[in-house]
Amino acid sequence: MCGIVAYVGPKDAAPILLEGLQRLEYRGYDSAGVVVSNKGLKVRKVKGRVADLAKVVPVRFKGGLGIGHTRWATHGVPSDVNAHPHLSADERIAVVHNGIIENAGELRAKLEADGVVFASETDTEVLAHLIAAAVDENESLEEAVRKTLKSIVGTYGIAVIDAERPGEVVVARNGSPIVLGIGEKEMFAASDVAALVRYTRQVVHLEDGELAVLKADGFHTFASDARETAKEPLTVDWDAGHYDTGGYEHYLLKEISEQPETMTRTMSGRLDERFHVAHLGGLNMDARETRGFRRVKIIGCGSAYYSGQIGAQLIEELARIPSDAEPASEFRYRNPVVDPDTLYVAISQSGETYDTLAAVQELKRKGGRVIGIVNAVGSAIAREVDGGIYLHAGPEVSVASTKAFTSTSVAFALLALHLGRVRDLSPADGRRIVEGLRKLPGQIEQILGQGERIAELAKKYAPHPSMMFVGRVRGYPVAREGAQKLKEISYVHAEAYPASELKHGPLALIGPDMPTVAIVPDDELLDKNLTTLGEIRARGGQVLMVGHREPDAKLADDVIVIPKNEIELDPILLTIPLQLFAYHAAVALGRDVDKPRNLAKSVTVE
Ligand code: G6P
């Protein structure tokens, strides 16, 4: 959500900032801006995309110090004026900010009473005025920022420059990520490593409450009480190539197509053919502890939550431990009972989603044992949890999650196998699951091979204003994720229901205008699912079935047949055709597939 880039060094900052913002655009994209320092601050900002900003940045926009921002509006509509950076009245201080300042109204009223005139409707602008007032009292920039932040309630990742100190940037973090990039006689900062990897792979993650001063020849970090902090740089595994579309028309199609490899990486080194177990060293838990849990509670947001539902199912089936998933935001706000015998699992691709992070912090505060299933190495949630499983799926750029979803589901299969095999899951069943997992990448290749046919079906169904998705038990989270993908990128209204619930209400919606995508795996519930298809067709509803074989009678208008795995693992494969269906529906409708309206890749505000 929103992107920040900062540069200080011998080169011109503007091209570096624009390139970095481009890489961060998936995090927020309603307006963008840059400021560079060169005998005063020079600003350009526009409503629109980074490409629109690039058009208004002149070639001679010189200066080796600058900060930039791509915005996802919270306070104030997307507009040129509300775009960041925000400047103090004397144009000495410039600030870019991610997050929300909760006491902005109060601070603004005080500043206005003192005669300050605000240029924008944003919460961020108060920072520019407050920092300017502090530097006017002869504070250094770092002191001015540090003292100002003491009066701030809310979340922030910020970068600040001062026209009178052309060699330094001050950055700070509280709830919204800031990563420093260490270059050769140059320094960078960004809200995401994606903006840095083209220039350096040596990075430092700031903790909440930490600040840093960057100069061309180095940096230092300190806490909110001004004490210096010691930081060890990390080397990022991903390089700039991981952030390219790699010849695909969209990141989304690239990420869908990568799933055989990403899934292989999630399993790599973790499957044991001798004892038919999973090795998950990152959990930091011995067998005795692992046996002790009596429940599993899974939390996450959006697609992460739906993959958690698949995970809960896998754990119940394979380990016979009662498990359930809940949206992280619901969980944190209902004052949850935190039980010492429950294993809590937080899921997040980005590792930065604020609601999930806040739920983890609430759990930790109450003494809960929390593990994470996270893609972004070193991210806030990964650092907060007691242990976990990294997905190793590589950067996911498209806003709609695909490869992280399936890799999370695979991570859950590994966790379920691990929990099961220290309990009552037999070696034979363990072997069955290990062999099933090994088969997944090849079977995904086969489904990807049906891309053209799925594109035809998507074209056929996309013009309908609404679609129903149904599934039973293992198929239900698949239906939910399928509906989620369709609505987020194609804007076609899609509802997911348990197939068994259809007759208790939503059947009233079924008719020629409302087709149904039915998830019908070849499992013990096949007959029940086929009965549901009959009920839909009897009401004039069209059916697109996704399953393992054509039904005997004509119960579906169209069928996508996919390879069969073990029944517990089938949901992972059933998801793939639905990703392709949503992708091709969005393309057919001319949508901005990778950057759907109103959404952002990682939501770092409440
Ligand atoms: C946003 C994205 C979703 C994503 C969710 C959770 O809402 O648009 O695609 O599933 O955040 O993200 P996380 O990074 O925590 O998995």
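Visitor: How do the residues of the shell around the ligand divide into nonpolar, polar and charged?

Guide: Happy to start there, keeping in mind that this is a predicted model. In total, 13 residues surround the ligand, and Ser 303, Ser 348, Gln 349, Ser 350 and Thr 353 are the closest. By class, the shell has five nonpolar, seven polar and one charged.

Visitor: Which residue has a polar backbone atom 2.7 Å from an oxygen atom of the ligand?

Guide: Good one to look up in the structure. A polar contact is a pair of N or O atoms within 3.5 Å. Ser 303 brings a backbone N or O atom to 3.1 Å from a ligand oxygen, and Val 399 does so at 3.2 Å. The residue with the 2.7 Å distance is Gln 349.

Visitor: How much of the ligand's accessible area does the protein cover?

Guide: Think first of where the ligand sits: the space it takes is the largest pocket. On its own, the ligand has 390 Å² of accessible area, and the share covered by the protein is 88%.

Visitor: Why is Cys 2 not bonded to Cys 301, and how many disulfides are there?

Guide: A disulfide needs two cysteine sulfur atoms within 2.5 Å. The closest cysteine sulfur to that of Cys 2 belongs to Cys 301, and because it is 17 Å away, it is too far for a bond. Cys 301 is likewise in no disulfide. The count of disulfides is therefore zero.

Visitor: Is Cys 2 buried or exposed?

Guide: The cut-off for buried is under 20% relative accessible area. Cys 301, at 25%, counts as partly exposed. Cys 2 has 6% relative accessibility, so it counts as buried.

Key:
Residues numbered from 1 in each chain as written. Predicted model: local features only at pLDDT ≥ 70, side-chain atom pairs only at ≥ 80, totals over all residues. Heavy atoms only, no water. Near = heavy atom within 4 Å. Polar contact = N/O pair within 3.5 Å; in protein donor to acceptor, adjacent residues only side chain to side chain. Areas by Shrake-Rupley, 256 points an atom, 1.4 Å probe, with all protein chains shown as cover. 1 Å grid on protein atoms, 1.4 Å probe; cavity = no way out; pocket = protein on both sides within 12 Å on 5 of 7 lines; lining within 4 Å. Sits in = over half its atoms within 2 Å of the grid points. Nonpolar A, V, L, I, M, F, W, Y, C, P; charged D, E, K, R; others polar. Buried < 20%, exposed > 50% of the residue type's maximum accessible area, 1.4 Å probe, protein only.
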